[in-house]
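Could you walk me through this structure, stop by stop? I have it open in a viewer and would like to know what to select next and what is there.

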Amino acid sequence: MKTRAAVLWEYGQDWRIEELELDDPGEGEVLVKLAATGLCQSDEHVRTGELPFDALPVIGGHEGAGIIEKVGPGVTDLAVGDHVVLSFIPACGKCESCATGHQNLCDEGAGIGVGLQRDGTSRHHVNGHDARLMCMLGTFSPYTVVRETSVVKIRDDVPLDKAALVGCGVTTGWATAVYAAGVEPGDTVAVLGIGGVGANAVQGAAMAGAKRILAIDPSEFNREQARKFGATHTFASAAEARDALPGLTWGRMANSAIITVDVATGEIVGDALSLVGKRGTVVLTSLADVTDTTITAPMFEITAYEKRLVGALFGSANPRYDIPRLLDMYMDGELKLDELVTRTYEFDDINQGYVDMREHRNIRGMVRFD
């Protein structure tokens, strides 16, 4: 079939809307008609080259939801008409990570920077070129063919545009607080960077019972939005938060600091470590440039105060469990999704959505295809 897709041909350039020739799904694959896609910072990392692919062109997008239109040979757990969320990390259910409850580290996730199907070929063709897929999904298109391991079936009554958000940003942020940081009732939590992931880290910390949630972001708009998701205090910089924390916590500082900035740096890691107290945990969820290998940190304090620095991919969530559960929370009025979408865009205006993100006018932009 013929459809359209937003394609990156050269790092540093804008996404270009191109005609897409899409093959039928192969073994273990499905064709999905997407209702919407979120505009996530990770695709910006691809566009700039901070998160490079094996080859270009690549179709962007990894936060989407829709309805299955075709299933390929060997697909037994999914059927035409199923409502689904595409998980940016696949979950095969069979590898060691999946079998031990760490689906976010599924072995198939090694292919997200390659962007091809399991057999090493492509179902997506643009101007005579085989196209790679962001996170093996390519949700910057109304239609895509993906592996069944990247698909999570959901209940039919969830609005699909809101369901798209839990394919990446919501689950990553919420789970980073709840799982990776292990936020408990009464905790003090600092969240550095309030975008689509950071707002949900705030929301997750609030739902876990944190008493004080410090939202740290240079953007006044982002700080204001953080209040909607449960932030109790806001600061423009880590330095401001560090000055305030002793008075807020009787000198104990934060129990955890969560890094969800646009681009992680060694300096930000050091800032986060300075915000937590004894046995405090810093969780690094943001992506850094793949060439950045330097962290500036108070090493004496890490030893003397038993501070911990941990990484979190997808918030340490299990997508096949957590995606449906979060949508249940949304339908029960417990999880905020409607409030996340600052603006919606026509497909042809996708680059404007990223301009608005870079200029801190959005918590989450969204393209609706229907």
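Let's begin inside. This is a predicted model, and it holds one cavity of 30 Å³ or more. The space in this largest cavity comes to about 30 Å³. To see its walls, select Glu63, Leu165, Gly169, Val170, Gly196, Asn200, Leu340 and Arg364. Colour the selection by class and you should find three nonpolar, three polar and two charged residues. Now switch on the cartoon: helix 4 and helix 5 each give at least two residues to this lining.

**Next stop: the largest core**

Keep helix 4 (169-180) and helix 5 (196-207) on screen, as each also supplies at least two residues of the largest nonpolar core. Add strand 3, helix 3 (160-163), strand 12 (188-192), strand 13 (212-216) and helix 10 (319-331), which each do likewise. This core has 48 residues, and Leu327 and Leu337 are the ones that touch the most other members.

Centre the view on Leu337. Which residues is leucine 337 in contact with, leaving aside its neighbours within four places in sequence? Show Lys162, Leu165, Val166, Val170, Leu327 and Tyr330, and you have the set. Two names in that set may look familiar: Leu165 and Val170 contact Leu337 and also line the largest cavity.

**A second core, and a strand pair**

Apart from that core lies another, of 33 residues, including Val32, Cys40, Ile68 and Leu78. Stay with Val32 for a moment, since valine 32 stands opposite threonine 144 in strand 10. Select strand 3 (residues 29-39) together with strand 10, and you will see an antiparallel pair joined over five bridges. Is strand 10 (residues 143-147) mostly covered or mostly open? Mostly covered: five of its five residues are buried.

**On to an open sheet**

Now pick out the six strands that form an open sheet in the order 8-7-2-1-4-9, with mixed pairing. At its edges are strand 8 (129-130) and strand 9 (132-133), each of which pairs on one side only. Within the sheet, zoom in on strand 1 (residues 2-8) and strand 4 (residues 58-59), which run antiparallel and are joined by two bridges. A good place to look is Leu8, which stands opposite Val58 in strand 4.

**Out to the pockets**

Turn on a surface and look for the largest pocket, with about 840 Å³ of space. Of its 47 lining residues, Gln41, Thr260, Val261, Asp262 and Ser286 are the closest to the centre, so select those. For the surroundings, bring up helix 1 (41-48), helix 5, helix 8 (266-275), helix 11 (350-358) and strand 19 (364-368), each of which supplies at least two lining residues. By class, the lining divides into 25 nonpolar, 18 polar and four charged residues.

One more pocket to visit: the second largest has a volume of about 250 Å³. Centre on Asp77, Ala91, Glu148, Thr149 and Arg320, the closest to its centre among the 13 residues that line it. Which strand gives the largest share of this lining? Select strand 11 (residues 151-153), which contributes three residues. Coloured by class, the lining of the second largest pocket shows five nonpolar, one polar and seven charged residues.

Technical notes:
Residues are numbered from 1 along each chain as its sequence is written. This is a predicted model: local features need pLDDT of at least 70, side-chain atom pairs count only at pLDDT 80 or more; totals for chains, interfaces and linings use all residues. Side-chain values use heavy atoms; hydrogens and water are left out. Buried means under 20% relative accessible area, exposed over 50%, partly exposed in between (1.4 Å probe, protein chains only). Helices (H or I, at least four residues) and strands (E, at least two) are DSSP runs, numbered from the N terminus. Two strands pair if DSSP finds at least two bridges between them. A nonpolar core is a set of buried Ala, Val, Leu, Ile, Met, Phe, Trp, Tyr and Cys residues joined through side-chain atoms within 4.5 Å. Contact means heavy atoms within 4.5 Å. On a 1 Å grid over the protein atoms alone, a cavity is a set of points where a 1.4 Å probe fits but cannot get out, and a pocket is an open set with protein on both sides within 12 Å along at least five of seven lines; lining residues have an atom within 4 Å of a point. Grid points are joined across faces, edges and corners, and a volume is the space filled by probe spheres set on the points. Ala, Val, Leu, Ile, Met, Phe, Trp, Tyr, Cys and Pro count as nonpolar, Asp, Glu, Lys and Arg as charged, and the others, Gly among them, as polar.
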